[in-house]
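The report below describes one protein chain, moving from its overall build to its domains and then to single residues. Please keep the sequence and the structure in view while reading.

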Amino acid sequence: MEVVLNRLGRQATFHVGESSEIAAARRAGNTLARQLGFDETRAGQLAIVITEAATNIVKHAGEGEILLRALHAGERAGVEVIALDRGPGMANVALRMEDGNSTAGTYGVGLGAIGRLAAEFDIHSAERQGTVLFMTVWSGAAGAPMSDWEVGAVCLPIPSEEVCGDAWDVGIANWGVTVGMADGLGHGPEAAVASEAAVALVAERPAVGVSELMQLAHGALHGTRGAAVAIAAIDCDAGELTFAGIGNIAGCIVDGPSRRHLMSHNGIVGSNLRKVQKFSHPWAPGAMLIMHSDGLGTRWDLDAYPGLVFRHPALIAAVLYRDFARQRDDASVLVIRERGLA
Ligand SMILES: [Mn+2]
């Protein structure tokens with residue numbers, strides 16, 4: 001079964017700092033569960049997962065965010081829940097996972113319940129940095145549908161807008177994947193029209209090649225505001241990543257201790273495209289690709305977060321968003337690697 005990794009999955013964030021905000025996040029989860037056709041059992045499980053994660057944030061960190069996103073895979077639908085805070089963090093996550101083991105009230109109990117109810121669950125916590133949780137709940141049979149790729153993403157509008165002007169998507173090819181990220185000029189719905197048109201092309205035609213996709217995007221975005229666009233194709237058979245970028249989308253290949261930054265040219269896809277250049281880089285099986293819009297600062301350093309590179313890409317995306325989002329712009333960050341190769 002092909003797992004559709006992004007389509008229709010607009011993300012929403014809910015600030016949690018008091019109990020009324022916990023309830024608001026839970027209600028948003030209920031609405032999503034109803035829209036996706038969850039039965040009562042799964043909807044109830046999602047409500048508990050959100051409530052426990054949000055309660056932990058309030059109790060242990062004071063405040064934080066709950067991020068919700070719909071997931072689609074064939075006939076099945078899921079909800080991804082990311083919980084993040086900048087609280088004191090935990091020194092020993094494994095110990096807190098055992099029910100009742102907690103230095104501050106019910107953190108241990110909450111994590112135990114989440115671990116049992118969520119189809120997927122991962123956590124990164126570091127003392128003085130905070131805690132991030134990744135959870136999914138899926139409709140239908142137990143367990144989450146698995147693709148060959150693990151994808152983590154945060155894509156959220158500037159606080160004054162409802163719709164994010166950034167967009168990303170992933171298209172599966174038989175040799176690997178093609179990944180697109182776009183930042184529509186300005187903010188709001190008009191920016192989203194441009195960015196979503198660009199990444200839809202990437203998802204629909206992943207085997208076309210990055211230069212050709214960029215030219216197609218340039219044509220497709222004519223008459224829109226235009227966008228910064230970056231496209232990366234990961235060919236696992238050839239062990240090669242090809243990249244083409246126009247405008248301010250950052251790309252980086254993380255492979256063990258090595259960091260390779262991906263080069264974009266100036267311009268605006270849809271109105272001002274002087275030069276499309278394809279760059280090729282080696283791609284090793286355990287490597288990870290990180291792309292982000294200029295709503296995130298560039299001074300991040302994964303080495304500052306011990307153990308984070310081994311966690312689910314959603315947690316890596318969540319930490320980069322938490323600590324480097326500029327707040328004055330739409331913010332998107334995407335992290336992808338082959339499953340099981342961390
Ligand atoms: Mn931007």
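## Report on the model

R128 is exposed, because 8 other C-beta atoms lie within 10 Å of its own; here a residue is called buried if 20 or more other C-beta atoms lie within 10 Å of its own, exposed if 12 or fewer, and partly exposed in between, with C-beta atoms placed from the backbone. The place of R128 is the loop between β4 and β5, and its phi is near 70°, a positive value in a residue other than glycine. Q327 also has a positive phi, of about 75°, although Q327 is not a glycine. This residue sits in the loop between α7 (313-324) and β15 (331-338), and Q327 counts as exposed, with 8 C-beta neighbours inside 10 Å.

This is a predicted model, in which local features need pLDDT of at least 70 and side-chain atom pairs count only at pLDDT 80 or more, while totals for chains, interfaces and linings use all residues. Residues are numbered from 1 along each chain as its sequence is written.

**Overall build**

The secondary structure comes to seven helices and 15 strands, where helices (H or I, at least four residues) and strands (E, at least two) are DSSP runs numbered from the N terminus. Along its principal axes the C-alpha trace spans about 60 × 40 × 40 Å. The radius of gyration of the protein is 19 Å, which agrees with the value near 20 Å for a compact globule of 342 residues; the radius is taken over C-alpha atoms, and the globule rule is 2.2 Å times the number of residues to the power 0.38. Of the 342 residues, 48% are buried. Among the contacts with a separation of 6 or more, 68% join residues 24 or more positions apart, two residues being in contact if their C-beta atoms, placed from the backbone, lie within 7 Å.

**Domains and core**

The domain assignment gives domain 1 (11-138) and domain 2 (149-338), with bounds that come from an automatic or database domain assignment. The C-alpha centres of domain 1 and domain 2 lie 26 Å apart, and the contact between them takes 13 residues from domain 1 and 14 residues from domain 2. On the side of domain 1 that touches domain 2, β1 (11-16), β3 (76-85), β4 (120-126) and β5 (130-138) each supply at least two residues. The residues of that side divide into six nonpolar, five polar and two charged, where Ala, Val, Leu, Ile, Met, Phe, Trp, Tyr, Cys and Pro count as nonpolar, Asp, Glu, Lys and Arg as charged, and the others, Gly among them, as polar.

The largest nonpolar core has 101 residues, and those with the most contacts inside it are A53, I66, A198, V229, A232 and A317; such a core is a set of buried Ala, Val, Leu, Ile, Met, Phe, Trp, Tyr and Cys residues joined through C-beta atoms within 7 Å. Domain 1 (11-138) and domain 2 (149-338) both give residues to this core, so it lies between them. Apart from residues up to four places away in sequence, A317 touches G152, A153, V154, V333, L334 and V335.

The UniProt record, an unreviewed entry, lists residues 146-338 as "domain: PPM-type phosphatase"; its positions are given in the numbering used here, feature names are shortened, and annotations may be inferred rather than shown by experiment. Over residues 146-338 the chain is 21% helix and 37% strand, and the end C-alpha atoms are 11 Å apart.

**Three buried positions**

G29 lies in helix α1 (residues 19-35), R42 in helix α2 (residues 40-61), and D85 in strand β3. The table gives a C-alpha to C-alpha distance for each of these residues.

| Residue | Partner | Apart in sequence | C-alpha distance |
|---|---|---|---|
| G29 | G44 | 15 residues | 9.8 Å |
| R42 | A118 | 76 residues | 9.6 Å |
| D85 | S20 | 65 residues | 17 Å |

G29 is buried, with 25 other C-beta atoms within 10 Å, and, leaving aside residues up to four places away in sequence, G29 touches L46, A47, I50, L68 and V79. R42 counts as buried because it has 21 C-beta neighbours inside 10 Å; with the neighbours up to four places away in sequence not counted, R42 touches A33, V137 and S139. D85 is buried as well, with 26 other C-beta atoms within 10 Å, and D85 touches I57, A61, E63, G64, G130 and T131, not counting residues up to four places away in sequence.
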